Amino acid sequence: MRRLHEDWVWIAVVVSGIVGIWGLVLAVLRRRPGRAFFVGVGAAVVAILVQVALGLVLYADPAWREVVDGFHVFYGVVILFTLAFAYIFRAQLARRPALGWGIVLLFTMGLGIRAWTIVAG
């Protein structure tokens with residue numbers, strides 16, 4: 001489980017980074033995102049949620065809880081709050097979806113990288 005959590009971070013980070021940049025490019029070019037973009041957003045959000053869920057499963061193990069740094073867990077919680085706020089403000093995101101989701105996904109990508117650097121040292 002730990003190995004999967006360590007490897008999955010790259011899937012979550014890369015997918016959210018690619019889709020986030022895609023969103024910003026669409027926003028700068030003032031193009032409406034198509035279905036493919038929203039499928040990408042869904043894939044990125046699912047990848048992030050899988051990563052957080054794996055972390056929660058690991059954190060439930062008392063032996064793992066002693067090993068993990070508190071700031072690593074903090075960044076996972078901030079990622080969850082970011083996605084929750086994106087859901088809560090989905091009506092506002094719908095006005096300029098490419099820009100909104102681009103920023104949200106790049107922000108979560110940065111949080112994921114930061115969480116990884118804490119563990120990697």
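"In which helix is the place of Y87? Please keep in mind, as we look at the structure together, that this is a predicted model. Y87 sits in helix α4, and because its relative accessibility is 54%, where the cut-off is over 50%, it counts as exposed. This residue also belongs to a nonpolar patch on the surface, which V77, F81, F85, Y87, I88 and F89 form, and which has about 640 Å² of accessible area when these residues are taken together.

Let me turn from the surface to the inside. The largest nonpolar core is made up of 21 residues, and those with the most contacts inside it are F37, V41, V45, I48, W101 and L105. Two or more residues of this core come from each of the helices α1 (2-28), α2 (35-60), α4 (70-88) and α6 (97-120), and among these elements α2 gives the most, namely seven residues.

I would like to stay for a moment with I48, one of the residues with the most contacts inside the core. If we leave aside its neighbours within four places in sequence, what is I48 in contact with? The residues to find on the screen are A12, S16, I79, L83, L105 and T108.

Finally, please look at A120, which lies in helix α6. Is this residue buried or exposed? Neither word quite fits, because its relative accessible area is 48%, so that A120 counts as partly exposed. In sequence A120 and E6 are 114 residues apart, whereas in space the separation is 9.9 Å, taken from C-alpha to C-alpha."

Technical notes
Residues are numbered from 1 along each chain as its sequence is written. This is a predicted model: local features need pLDDT of at least 70, side-chain atom pairs count only at pLDDT 80 or more; totals for chains, interfaces and linings use all residues. Side-chain values use heavy atoms; hydrogens and water are left out. A nonpolar core is a set of buried Ala, Val, Leu, Ile, Met, Phe, Trp, Tyr and Cys residues joined through side-chain atoms within 4.5 Å. Buried means under 20% relative accessible area, exposed over 50%, partly exposed in between (1.4 Å probe, protein chains only). Helices (H or I, at least four residues) and strands (E, at least two) are DSSP runs, numbered from the N terminus. Contact means heavy atoms within 4.5 Å. Patches are made of residues with over 30% relative accessible area and no salt bridge: like charges are joined within 9 Å, nonpolar side chains (Val, Leu, Ile, Met, Phe, Trp, Tyr) within 5 Å. Accessible areas come from the Shrake-Rupley method with a 1.4 Å probe; for residues, only the protein chains shown count as cover. A salt bridge is a side-chain nitrogen of Lys or Arg within 4 Å of a carboxyl oxygen of Asp or Glu.
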